[in-house]
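Here is a friendly walk through one protein model, going from a single loop residue out to the overall fold. Keep the structure open beside the text as you read.

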Amino acid sequence: MSAETRLYPGDREPRAIKIRKPKHTARNVIIIIVAALIVVGAGGAFAWMYFRNEPPLLSGANGESSSESSSEEISSEPEQIEEIPAVSEPESKSEPKPVAEEDPIPRDEWYMILVNKEKPLPEGYSFETKVVDGYGHSVDARIAGDLEEMFTAGEAEGLSFAVYTAYRTTEKQREIFDAEVKSLVAEGLDEAAAEKAAEEFAARPGTSEHNTGLALDIVSAYGSADENSAEAKWLFEHAWEYGFILRYPKGKEEITGFEYEPWHYRYVGREQAKLIFESGLCLEEYLAQ
């Protein structure tokens with residue numbers, strides 16, 4: 001009897017019952033496998049989408065997840081906060097402060113001292129003197145070199161100079177002033193009027209430039225003080241080149257307090273003498289700038 005028959009008991013003669021084989025068995029198996037794969041694939045895709053942004057759950061060395069270990073490592077370090085630079089308020093625009101220009105006039109230098117009727121020589125003023133001719137006339141020793149150079153330059157052009165008066169002590173100045181007052185009194189003025197009138201021709205002690213050692217009365221060798229002499233004209237044009245200025249120029253009488261004196265020269269240094277000469281100012285005007 002084949003494996004495909006079954007036996008049934010009974011009084012009838014046994015007969016074989018044929019069992020039908022299922023058709024397409026291999027195809028069904030393939031379908032089932034494919035379906036299973038589809039299900040597994042769909043589940044895997046879902047799991048990938050779900051866990052793709054999650055940290056991997058890998059066990060660490062101590063059995064703890066790597067995410068927990070990473071969390072501890074991160075928390076153990078101080079959180080770095082990016083510093084945002086403070087925004088400073090814009091500075092208020094203010095007008096720039098004017099820069100003080102340097103004064104071109106060395107007012108405190110010894111050679112720029114101003115002495116006149118209103119500004120007497122400071123007490124205790126002193127300096128060394130030097131004789132500059134055979135008559136004993138002396139000046140501040142610091143100007144002797146320039147004075148000699150000026151005379152030498154003039155003589156090279158055929159001129160001849162002489163010093164009529166130079167440095168005077170305050171005692172000598174007092175003698176001169178008192179003599180002028182006495183002369184005016186003799187002419188009929190009272191003492192007060194004579195002293196006031198004397199100031200037009202002679203300075204009171206301490207108010208004369210001759211007391212500074214920086215001033216000289218220069219005339220020609222034959223004694224002429226005429227402004228039209230060759231020596232006077234040369235000095236007017238060239239004295240500034242050696243540091244000397246005409247101290248009491250014409251037209252400045254009300255400012256200087258003295259009459260025009262074409263023979264009276266004053267030392268102020270070469271640089272300042274040039275500036276004063278070019279400006280046309282007298283010393284009082286120049287220093288008042």
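## Starting at E200

Setting aside its neighbours within four places in sequence, E200 is in contact with K117 and E259. Before going further, please keep in mind that this is a predicted model. E200 sits in the loop between helix 5 and strand 4, the latter covering 215–220.

Is E200 buried, partly exposed or exposed? Its relative accessibility is 45%, and because partly exposed covers the range between 20% and 50%, E200 counts as partly exposed. The C-alpha atom of E200 is separated by 7.4 Å from that of G257, although the two residues are 57 residues apart along the chain.

## Helix 4 against helix 5

The loop that holds E200 follows on from helix 5 on its way to strand 4, so let us turn to helix 5 itself. Helix 5 (residues 191–198) packs with helix 4 (residues 170–186) at an angle of about 125°, and their axes are 8 Å apart. That angle makes helix 4 oblique to helix 5. As for handedness, the crossing of the two helices is right-handed.

Which residues meet here? On the helix 4 side they are F177, E180, V181, L184 and V185, and on the helix 5 side E191, A194, E195, A197 and A198. Sorted by class, this contact has seven nonpolar residues, three charged residues and no polar ones.

## Two residues of helix 3

Helix 3 (residues 144–155) contains A144, and D146 has its place in helix 3 too. A144 is buried, with a relative accessible area of 6%. D146 also counts as buried, at 16% relative accessibility; the cut-off that matters for this label is under 20%.

What does each of them touch, not counting residues up to four places away in sequence? For A144 the partners are K130, V132 and V139. For D146 they are Y242, F244, Y267 and R270.

C-alpha distances add to the picture. A144 and V131 are 13 residues apart along the chain, and their C-alpha atoms are separated by 8.3 Å. D146 and E241 are 95 residues apart along the chain, with 9.4 Å between their C-alpha atoms.

## E157, beyond helix 3

E157 is found in the loop between helix 3 and strand 3 (161–165). With a relative accessible area of 54%, E157 is exposed. Its C-alpha atom is separated by 9.5 Å from that of W234, and these two residues are 77 residues apart along the chain.

## Aromatic pairs

How many aromatic pairs does a search of the whole structure find? The search gives 11. In one of these, the rings of W240 and F277 have centres 5.6 Å apart and planes at 15°, so the pair is stacked. The label follows because planes under 30 degrees apart count as stacked.

This pair links distant parts of the chain, with its two members 37 residues apart. W240 lies in the loop between helix 6 (230–238) and strand 5 (244–248), while F277 belongs to helix 8 (residues 270–279). F277 counts as partly exposed, at 34% relative accessibility.

There is also an aromatic cluster, formed by W110, Y111, F244 and Y267. Two of its members may look familiar: F244 and Y267 are among the residues that D146 touches.

## The whole protein

Stepping back, the protein has nine helices and six strands. Of its 289 residues, 29% are buried.

How much of the contact in the protein comes from residues 24 or more positions apart? Among contacts with a separation of 6 or more, such residues account for 63%. The contacts of D146 with Y242, F244, Y267 and R270, and those of E200 with K117 and E259, are good places to look in the structure when you picture what that figure covers.

Definitions and conventions: Residues numbered from 1 in each chain as written. Predicted model: local features only at pLDDT ≥ 70, side-chain atom pairs only at ≥ 80, totals over all residues. Heavy atoms only, no water. Axes fitted to C-alpha atoms, helices over the stretch in contact; angles between N-to-C directions. Helix = DSSP H or I, 4+ residues; strand = E, 2+ residues; numbered from the N terminus. Parallel < 35°, antiparallel > 145°, perpendicular 65-115°, else oblique. Left-handed = near helix turned anticlockwise from the far one by under 90°. Contact = heavy atoms within 4.5 Å. Nonpolar A, V, L, I, M, F, W, Y, C, P; charged D, E, K, R; others polar. Phe/Tyr/Trp six-rings, centres within 6.5 Å; stacked < 30°, edge-to-face > 60°. Buried < 20%, exposed > 50% of the residue type's maximum accessible area, 1.4 Å probe, protein only.
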